[in-house]
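Visitor: I'd like to learn how to read a fold like this one, feature by feature. Can you walk me through it?

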Amino acid sequence: MTMGYAPGKVILFGEHAVVYGRPAIAIPVTQVQAQAEVQDVPTDKGIVIVAEDLSFIHRVGPEPTINEQARPLETIVLKTLEWLHITPRPAICITVRSTVPLARGLGSSAAVSTAIVRALAAHFSIAITPQEVSELVYQTEIIHHGTPSGIDNTVIAFEQPVYFVRGKPVEPFQVGRPFHIAIADTGIPSSTKVVVGDVRTAWEANPERYEALFNRIGAIVQRARIIIERGESHLLGPLMDENHQLLRALGVSSRELDLLAKAARKAGAGGAKLSGAGRGGNLIALVTPKTATAVERALREAGARDVLITAVS
Ligand code: PMV
């Protein structure tokens, strides 16, 4: 039996604009985790995928599956086996478990795929680099999200803070001094594919307005990177607030996210913004060891389903 693990992630700055070539910053979140377990089974069983949290068992057949739920898992398993040059198909059971909440901007699909790739590579004793893991996982991210920027698979495969520009080599960067953020779950699922599609429609109708908003977001990301590298994280709050306002202007915030942002700031957070696709999912707020408890309480009182405090280091 062999195991593979992967963390969740949050985007600190730059979501949506990153789809249009601007930079974004994302960090791994280790409090949530996906895991995959690979076991050899009798030869007549073929490849079986057990998704424990989704309560389904899928047997990989000779033709690609038409089952929507199973397709991304089947795809990552088959693409990885192909990459590892494992032929003929082995008889294995892959069991997947995850504490990364689904459709909340925490990268659940990329985390599950990454855990599967790592478990399979370990099972067949083949070394695989983070870049190779990331590229394989991207191929299933396309099934989930349409035309994703690739930031989720990158930050999760590299497991360190990344400054990401679509199509460019990943730039891991140094965090000058660790800092903390609260991650508050609105409890509202959000489809990245739908929200990204809506932004595209709006951009097509009014490219000048949207390009200008993306440029402003891109400039915030560049400033944020310098601040994080210098260890001056107390200066990040206003940038988070500004980024949130620009995301509102893109039309991807919601009443719930705005309420949580307001509650966090009132309770002492340095700044707050939605994270990920928006409309639901998560809000992030800049906290310190001193403000964390009050901010967490305020977020819960304002309706957050769950709150995690995570260190960025
Ligand atoms: O909701 P998430 O975590 O999948 O984030 C989506 C981030 C976007 O920038 C909106 C889309 C993308 O592909 O980068």
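Visitor: Let's start with strand pairing. How many bridges join E9 to strand E10?

Guide: The general idea is that strands of a sheet pair through backbone hydrogen bonds, either parallel or antiparallel. Here, in what is a predicted model, E9 and E10 (residues 282-287) run antiparallel and are joined by four bridges. One residue pair to look at is Ser 275, whose bridge partner in E10 is Asn 282.

Visitor: And what order do the strands of the whole sheet take?

Guide: Reading across, the order is E9-E10-E8-E11, an open sheet of four strands with antiparallel pairing. Strand E9 (272-275) and strand E11 (306-312) each have a single partner strand, so they stand at the edges with one side lacking a neighbour in the sheet. From one strand to the next, the twist averages 30°.

Visitor: Which helices lie across those strands?

Guide: Helix H8 (residues 255-266) lies across strand E8 (179-185), E9 and E10, and runs at about 15° to E10. Helix H9 (residues 292-301) lies across E8, E10 and E11, at about 150° to E11.

Visitor: The loop after E9 caught my eye. What is the phi of Arg 279?

Guide: As background, most residues other than glycine have a negative phi, and most peptide bonds are trans. Arg 279 has a positive phi of about 70° without being a glycine. It sits in the loop between E9 and E10 and counts as partly exposed, at 31% relative accessibility.

Visitor: Where else should I look for backbone oddities?

Guide: Try the loop between H1 and E5, where His 85 lies. His 85 isn't a glycine either, and its phi is positive, about 60°. Pro 88 is in the loop between H1 and E5 too, and the peptide bond from Thr 87 to Pro 88 is cis, with omega near -10°.

Visitor: Is His 85 buried or exposed?

Guide: Exposed: its relative accessible area is 69%, so it clears the cut-off of over 50%.

Visitor: Okay, now the opposite end of the scale. Why does Asn 243 count as buried?

Guide: Because its relative accessible area is 0%, and buried means under 20%. Asn 243 belongs to helix H7 (residues 236-250). Leaving aside neighbours within four places in sequence, its contacts are Phe 13, Gly 14, Glu 15, Ile 217, Ile 220 and Lys 273.

Visitor: Can I read burial for a whole helix too? How many residues of H4 are buried?

Guide: Eight of its eight residues are buried. They include Asp 152 and Asn 153 alongside Ile 151 and Phe 158. Among the elements covering the buried residues are E1, E2, H2, H3 and strand E6 (162-164). Just after H4 comes another positive phi, about 55° at Glu 159.

Visitor: Let's do voids. How many cavities of 30 Å³ or more turn up in the whole structure?

Guide: Two. The general idea is that a cavity is a space where the probe fits but cannot get out, whereas a pocket is open. The largest cavity has a volume of about 50 Å³, and its lining includes Ser 275 and Asn 282, the bridge partners from before. By class, that lining has two nonpolar, nine polar and one charged residues.

Visitor: What lines the second largest cavity?

Guide: That one has a volume of about 40 Å³, and its lining is Leu 12, Phe 13, Phe 179, Ile 181, Leu 236, Met 240, Ile 284 and Leu 286. E1, E8, H7 and E10 each supply at least two of those residues. The class count is eight nonpolar, no polar and no charged.

Visitor: And what is the volume of the largest pocket?

Guide: About 930 Å³. It is lined by 43 residues, and the closest to its centre are Ala 103, Ser 108, Ser 109, His 144 and His 145. Elements giving two or more residues to the lining include strand E1 (2-13), helix H3 (130-145) and helix H4 (151-158). H2 gives the largest share, four residues. By class, the lining has 17 nonpolar, 18 polar and eight charged residues.

Conventions:
Residues numbered from 1 in each chain as written. Predicted model: local features only at pLDDT ≥ 70, side-chain atom pairs only at ≥ 80, totals over all residues. Heavy atoms only, no water. Buried < 20%, exposed > 50% of the residue type's maximum accessible area, 1.4 Å probe, protein only. Contact = heavy atoms within 4.5 Å. Pairing = 2+ DSSP bridges. Axes fitted to C-alpha atoms, helices over the stretch in contact; angles between N-to-C directions. 1 Å grid on protein atoms, 1.4 Å probe; cavity = no way out; pocket = protein on both sides within 12 Å on 5 of 7 lines; lining within 4 Å. Points joined across faces, edges and corners; volume = space filled by probe spheres on them. Nonpolar A, V, L, I, M, F, W, Y, C, P; charged D, E, K, R; others polar.
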